[in-house]
Every structure is written in structure tokens, then in C-alpha cells.
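Here is a quick walk through one chain, from a single side chain out to the whole fold. Have the structure open while you read.

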Amino acid sequence: MEPSPATHRRAGTVALLTVLWLLAALVLLGWTFAIGIQGWADQHGSGGADPAGASRRGSWVLLALYLTAAGGPVVIAVVAFAGRLVRTGAVYLALALLLGAFGMPFGEAAARDLVPPPPVPSGPGGCQEHSGGDTRCPGG
């Protein structure tokens, strides 16, 4: 018994989404590599570029790569389940869980790098007594 044209259409949609997902992941992976090479060149050259800017860009791309790698199979699984391709949906859902668990430390580190650190508390604002009974205050 040959599959119906609707089944071919659903399988074609899943295949197209898979190709798009892989292309997006490869583009983001290449972008991450390019940012790393640019940062390396700035560090070893006399470019004088801002290393924090390159680190921030790298963190954004790494976070996007993690979300694409783990989120793409989820979208494909939903489309497969909606198209009644249950085994295909289960495979993509398992792949999403595997990639999500594997990439979680990388995604967490990238997200942590994007959150600015809390401001450093300034020195004491008032007079403080020092050992020996000295109570000199700044300004008088």
C-alpha cells in the first residue's frame, strides 16, 4: 500500500523544516566561530577593540545557537504530531530533550554573561572610628 499524497506533503514539510533548522544552526555556529576568530585577532593584534563587546556579541550568538539547537526540534516535533507522524514527532522530541540537556550549561553561561554584574558598593559614606580612638572624618 502506497502512502497518500497528504502523507508525502506532511513528510515534505518535516523534511523542509529539518533542513532549515540545520542551516540556521550551521550559520549560527559559523557566526560564533567568526566572533571567536575576530576576538583572537583583536587580542593578539594592535586593533584596540573592546573585548567586552566581542564577548557580549559571542554570548548573544551562543544563546541564539542554544535556543535554535534545542528549540528547532520542538517546532518540528509539533508539526510532525499535528501531521499525525507520531514516530517522527517522538524522535524529534527526544532529540530536543537531548540537545537541550547537552547545551544547557552553554546556554546558561551565555545568559549569565549577558546580565550585567551588580554595581560594586562604594566605600563607607560616613565617619568611622578607627582603632586607637581616632575619629577623623574626611572633610573636617
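Start with Y92. Once you skip its neighbours within four places in sequence, Y92 is in contact with V14, T18, P73, I76 and A77. Keep in mind that this is a predicted model.

One of those partners is worth a zoom. T18 sits in helix α1, and the side chains of T18 and Y92 are joined by a polar contact of 2.5 Å. Leaving out residues within four places in sequence, T18 has contacts with I76 and Y92. Is T18 buried or exposed? T18 counts as buried because its relative accessibility is 15%, and the cut-off for buried is under 20%.

Y92 also belongs to the largest nonpolar core, a set of seven residues that is completed by V14, W21, I76, A77, A80 and L85. Two elements, α1 (5–44) and α2 (51–82), give two or more residues each to this core. Which of the elements gives the largest share? That is α2, with three residues. Apart from this core lies another one, of five residues, including L28, I35, V61 and L65.

Now zoom out to the fold. The protein chain has three helices and zero strands, so the pattern along the sequence reads simply α-α-α. Of its 140 residues, 22% count as buried. Among contacts with a separation of 6 or more, 71% are between residues 24 or more positions apart. The chain exposes about 10100 Å², and carbon and sulfur atoms supply 69% of that area.

What about the geometry of α1? With 40 residues at 1.5 Å a residue, α1 should span 58 Å, and its end C-alpha atoms are indeed 58 Å apart, so the two values agree. The buried residues of α1 are V14, T18, W21, A25, L28 and I35. For reading such a list, recall that an α-helix has 3.6 residues a turn, so residues three or four places apart point the same way.

The UniProt record, an unreviewed entry, carries the annotation "transmembrane region" for residues 58–82 and 89–107. Here is how the two spans come out in the model:

| Span | Helix | Strand | Distance between end C-alpha atoms |
|---|---|---|---|
| residues 58–82 | 100% | 0% | 35 Å |
| residues 89–107 | 100% | 0% | 24 Å |

Inside the span the record gives as 58–82, have a look at S59, which is found in helix α2. S59 counts as buried because its relative accessibility is 5%. Which residues does S59 touch, not counting those up to four places away in sequence? They are A110, D113 and L114.

Last stop: the loop between α2 and α3 (86–114), where R84 is found. R84 is not a glycine, yet its phi is positive, at about 65°. For background, most residues other than glycine have a negative phi. Is R84 buried or exposed? Its relative accessible area is 70%, so R84 counts as exposed.

To pull the pieces together: Y92 touches T18 and I76, T18 is in contact with I76 and Y92, and both I76 and Y92 are in the largest nonpolar core. In the loop between α2 and α3, R84 is exposed, whereas S59 in α2 is buried.

Methods
Residues numbered from 1 in each chain as written. Predicted model: local features only at pLDDT ≥ 70, side-chain atom pairs only at ≥ 80, totals over all residues. Heavy atoms only, no water. UniProt positions renumbered as here; feature names shortened; annotations may be inferred. Helix = DSSP H or I, 4+ residues; strand = E, 2+ residues; numbered from the N terminus. Core = buried A, V, L, I, M, F, W, Y, C linked by side-chain atoms within 4.5 Å. Buried < 20%, exposed > 50% of the residue type's maximum accessible area, 1.4 Å probe, protein only. Contact = heavy atoms within 4.5 Å. Areas by Shrake-Rupley, 256 points an atom, 1.4 Å probe, with all protein chains shown as cover. Expected span 1.5 Å × (residues − 1). Polar contact = N/O pair within 3.5 Å; in protein donor to acceptor, adjacent residues only side chain to side chain.
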